[in-house]
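Visitor: I would like to learn how the words used for a protein fold are earned. Can you take me through one?
Guide: Gladly. Here is the structure.

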Amino acid sequence: MKKKPFSKFEIGANAIMIIWTILIILPFVLLFMSSITEENTLVANGYAFFPEKFSGAAYVYLFKSGTTIIRAYGVSILVTAIGTLANVALCALMAYPLSLQNLPGRRALNFFVFFTMLFNGGIVPSYLLWTSLGVKDTIWAQILPNFLVSAWNVIMIRTYFANSIPAALYEAAEIDGASQMTIFTKIALPLGKPILITMGTFAGLTYWNDWTNGLYYIVKNKNLYNVQNLLNQMVSNIQYLANSSDSNVSSAAASIPSTAIQMAIAIVAILPIMAIFPFFSKYYTKGLTLGSVK
């Protein structure tokens, strides 16, 4: 059978999407090329897709302390995994009852969740609260503060449960004698997989990119630094050496590829996320676009 030729709209739309995709990818390519550019060339000529001279000195400097980098990656992976699972579980447990039309006080509870998106106590009260609970210099300092429950995630999951899962399913399960927990685990969670994975992606990115918890609550035990904290410390150390008044220290800092290291740090930080994200992209798309039951 003869294939139908592409319409002008389809050709134009595909061309626009290809150009848009290239524009998204190019900054990452430039970032990587800058990280493997020789420092003097980078300073003299600026960033370029085809540098005159290549060098892997930035990555050699980063991975010189291999054990430290590996430990920081381990902390990031552990914190992201535990934090994401806890975030999705707690948000789903809160969102499910809020999606039920017959829940007493439903409007007031929904307003309370929304209100927390507009106002919060601030950094100082949060710091006093969490330090009083004993999370300082423990692995829980990277997990519990600030990110454990997200009001935005709760609202998104609640909306999905309310609009994309027919109430008739809940009613049929109740007639068959199912408890609310059974309905939640056997109906709501399986049918809500797209939105749960989507919100889990957001939570995972938040935990992976976070460095404020480590900055505030990890003071003595540097072994609990995640990748972001470790890389931030490296940047601070390089800047300190470069601005030192000691001539010996400043001369030693001159041999460090500081500009290329900053580019390499960005690559090291985002590489795992870029590798994992494609496996969840289909769920991410469904979670954002699916609004009704087919």
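Visitor: How many helices and how many strands are there in the protein?
Guide: The protein has 14 helices and zero strands. Keep in mind that this is a predicted model. Read from the N terminus, the elements run α-α-α-α-α-α-α-α-α-α-α-α-α-α.

Visitor: What describes the way two packed helices sit together?
Guide: Two things do: the angle between their axes and the distance between those axes.

Visitor: Then why are H5 and H7 called oblique to each other?
Guide: Start with the value. Helix H5 covers residues 106–118, helix H7 covers residues 151–164, and their axes cross at roughly 140°. Now the cut-offs. Roughly antiparallel needs an angle over 145 degrees, and roughly perpendicular runs from 65 to 115. The crossing at roughly 140° fits neither class, so H5 and H7 are oblique. Their axes come within 8 Å. The crossing of H5 past H7 is left-handed.

Visitor: Which residues in H5 and H7 meet?
Guide: From H5 come Asn-110, Val-113, Phe-114, Thr-116 and Met-117. From H7 come Ala-151, Trp-152, Val-154, Ile-155 and Arg-158. Sorted by class, the contact of H5 with H7 has seven nonpolar, two polar and one charged residues.

Visitor: What makes H7 and H10 roughly antiparallel to each other?
Guide: Again, look at the angle. The axes of H7 and helix H10, residues 193–209, cross at roughly 170°. The cut-off for roughly antiparallel is over 145 degrees. The value lies over it, so H7 and H10 earn the name. The axes of this pair come within 10 Å.

Visitor: Which residues of H7 and H10 make the contact?
Guide: On the H7 side they are Trp-152, Asn-153, Met-156, Ile-157 and Tyr-160. On the H10 side they are Pro-194, Ile-195, Leu-196, Met-199, Phe-202 and Ala-203. The contact of H7 with H10 divides into ten nonpolar, one polar and no charged residues.

Visitor: What is the handedness of the crossing of H8 and H9?
Guide: The crossing of H8 and H9 is right-handed. Helix H8 is residues 167–175, helix H9 is residues 180–191, and their axes cross at roughly 145°. Leu-169, Tyr-170, Ala-173 and Glu-174 of H8 meet Gln-180, Ile-183, Ile-187, Ala-188 and Leu-191 of H9. That contact has seven nonpolar, one polar and one charged residues.

Visitor: Now single residues. Why does Asn-213 count as buried?
Guide: Buried means under 20% relative accessible area. Asn-213 has 0% relative accessibility, so Asn-213 counts as buried. Asn-213 is found in helix H11, residues 212–217. Leaving out residues up to four places away in sequence, Asn-213 touches Ala-141, Gln-142, Pro-145, Asn-146, Phe-147 and Ile-218.

Visitor: Tyr-216 is found in H11 too. Why does Tyr-216 count as partly exposed?
Guide: Buried is under 20%, exposed is over 50%, and partly exposed is in between. Tyr-216 has 29% relative accessibility, so Tyr-216 counts as partly exposed. Tyr-216 touches Ile-123 and Tyr-127, not counting residues up to four places away in sequence.

Visitor: How far apart are Tyr-216 and Thr-131?
Guide: In sequence, they are 85 residues apart. In space, they are 9.7 Å apart, C-alpha to C-alpha.

Visitor: What percentage of the residues in the protein is buried?
Guide: Buried residues make up 34% of the 294 residues. The protein exposes about 17900 Å², with carbon and sulfur atoms supplying 68% of that area.

Methods: Residues numbered from 1 in each chain as written. Predicted model: local features only at pLDDT ≥ 70, side-chain atom pairs only at ≥ 80, totals over all residues. Heavy atoms only, no water. Axes fitted to C-alpha atoms, helices over the stretch in contact; angles between N-to-C directions. Helix = DSSP H or I, 4+ residues; strand = E, 2+ residues; numbered from the N terminus. Parallel < 35°, antiparallel > 145°, perpendicular 65-115°, else oblique. Left-handed = near helix turned anticlockwise from the far one by under 90°. Contact = heavy atoms within 4.5 Å. Nonpolar A, V, L, I, M, F, W, Y, C, P; charged D, E, K, R; others polar. Buried < 20%, exposed > 50% of the residue type's maximum accessible area, 1.4 Å probe, protein only. Areas by Shrake-Rupley, 256 points an atom, 1.4 Å probe, with all protein chains shown as cover.
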